[in-house]
Amino acid sequence: MSRDPKGEPRATIRTAVIGAGHWGPNLIRNFDNPPASSVVLVAERDSNRAAQVRARFPHIEVTDATDAVVVDPRVDAVVVATPTSTHYSIVKAALRAGKHVLVEKPITTKSEEADELTELAQKNGKVLMVGHVFVYNQAVQKVRAYLQAGELGSIYYISMVRTNLGPIRMDVNASWDLISHDISIVNYWLGSHPVSASAVGGVWINPGLEDAVFATLRYRSGILVNIHASWLNPRKARDIMIAGDKRMLTFDDMNLMEPLRIYDRQVTEATVKPAFIDTFAAFRASIREGDIVIPKVSAGEPLKAECEHFLDCVLNQKKPLTGGREGGAVVRALEAIDRSLKEAGREQAI
């Protein structure tokens, strides 16, 4: 038995993890954590991966029968870490079976399916949460606090780079795999959703799947967000820059010790009034440079925080930070990016 904040005993949440591929073992490790939660079942169809799970977690039952897992009476919550194209059917079956669900991003490949799952979870009184793990990053949360406090002033634009050499997906393009992270971050920071998107990309490895995407999102407030995502890059990068009219901020997620820097720098404009009416107006841009502040960011594992948040939502009937509606908003933006890719970069309404 685990205990709630008041010290009262509470039942262990019994989970099943479906999918033990690239990300699945990390989820198994975090949820197989008595007394708060335990993993009673893992579903994995690949025999080699299943054997690895049995060797690493000999006390957990492993099966290849996904359908049986979602209806198993021993299971309180289902964690879905399968290819994106399979999310809808698995999550729907789990919710219908009365299970709480944590599904990896993106929630589905179609926004109408995301909306349907969100409504089904509400109808059945179950938690539906999407694994937008970067929202649970301590540095990401600190940036949100800065933005809400107006520390950077009015935001002009945000530039984001997310690259690496692989893993190359077979079912979705680089936008759905990588840019989904960045959209979830910005939506969380700004507390709003983009109203339009434009994008261009390149296909080199698998037909029909963009390996690199350059996308621009426009938010109602006028903020532009430019994103470069690629799984064909020799350097792993997770760089973000936010330009405000008071200060500017950089976020390097690869720098584990000092990910954030706040630059007390801004551009002020001054127009010099001409002495005579027939002269050109003189324009001067004055650049002010101040200090660079490196905020302290508490160390922590975002995935651990995400899993703990899911368990808290299940136990205390809370609304997830990255629930079905938030997941659906990301899917709508990704759909607009796909439409723009097909139309050579033409801006698409969301």
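Which residue in strand 8 is the bridge partner of Val 101? It is Leu 128. Let's build outward from that pair. One note before we do: this is a predicted model.

Start with strand 7. It covers residues 100-104. How many of those residues are buried? The count is 5 of 5, so strand 7 is largely enclosed by the rest of the structure. Buried here means under 20% relative accessible area. Look at the two faces of the strand. On one side sit His 100, Leu 102 and Glu 104. On the other side sit Val 101 and Val 103. Both faces of strand 7 are covered.

Now the neighbours. Strand 6, residues 77-80, pairs with strand 7 in the parallel sense, over 4 bridges. Find Val 80 on your screen: it stands opposite Val 103 in strand 7. Strand 8, residues 128-131, also pairs with strand 7. That pairing is parallel too, and it runs over 4 bridges.

How does the chain get from strand to strand? Take strand 6 to strand 7. Helix 4, residues 87-96, joins these two strands in a right-handed β-α-β unit. Next, strand 7 to strand 8. Here the chain crosses through helix 5, and this β-α-β crossover is right-handed.

On to the second largest pocket. Its volume is about 310 Å³. It is lined by 18 residues. Which of them are closest to its centre? They are Gln 122, Lys 126, Val 127, Leu 128 and Pro 320. You have met Leu 128 already, as the bridge partner of Val 101. Three elements give two or more residues to the lining: helix 5 (111-124), helix 8 (302-316) and helix 9 (324-342). Helix 5 you know from the crossover between strand 7 and strand 8. What is the lining made of? It divides into 6 nonpolar, 7 polar and 5 charged residues.

Last topic: salt bridges. The structure holds 18 of them. I'll show three.

First on my list, Arg 29 and Glu 301. Their closest N and O atoms are 3.0 Å apart. Where do the partners sit? Arg 29 is in helix 1, residues 24-31. Glu 301 is in the loop between strand 16 (282-293) and helix 8. The pair links distant parts of the chain, 272 residues apart. Buried or exposed? Neither. Arg 29 counts as partly exposed, at 35% relative accessibility. Glu 301 is partly exposed as well, with a relative accessible area of 32%.

Next, Arg 74 and Glu 61. The closest N and O atoms of this salt bridge are 3.2 Å apart. Arg 74 lies in the loop between helix 3 (66-71) and strand 6, while Glu 61 lies in strand 5 (residues 61-63), so the pair ties together parts that are 13 residues apart in sequence. Arg 74 is partly exposed at 36% relative accessibility. Glu 61 is partly exposed too, with a relative accessible area of 38%.

Then Arg 261 and Glu 258. Their side chains meet in a salt bridge at 3.4 Å, N to O. Arg 261 counts as partly exposed, at 25% relative accessibility. Glu 258 is partly exposed, with a relative accessible area of 34%.

One more point, back at Arg 74. Salt bridges with shared partners join Glu 61, Asp 72 and Arg 74 into one network.

Key
Residues are numbered from 1 along each chain as its sequence is written. This is a predicted model: local features need pLDDT of at least 70, side-chain atom pairs count only at pLDDT 80 or more; totals for chains, interfaces and linings use all residues. Side-chain values use heavy atoms; hydrogens and water are left out. On a 1 Å grid over the protein atoms alone, a cavity is a set of points where a 1.4 Å probe fits but cannot get out, and a pocket is an open set with protein on both sides within 12 Å along at least five of seven lines; lining residues have an atom within 4 Å of a point. Grid points are joined across faces, edges and corners, and a volume is the space filled by probe spheres set on the points. Ala, Val, Leu, Ile, Met, Phe, Trp, Tyr, Cys and Pro count as nonpolar, Asp, Glu, Lys and Arg as charged, and the others, Gly among them, as polar. Buried means under 20% relative accessible area, exposed over 50%, partly exposed in between (1.4 Å probe, protein chains only). Two strands pair if DSSP finds at least two bridges between them. A crossover is right-handed if, with the strands pointing away from the viewer, the path from the first strand over the helix to the second runs clockwise. A salt bridge is a side-chain nitrogen of Lys or Arg within 4 Å of a carboxyl oxygen of Asp or Glu.
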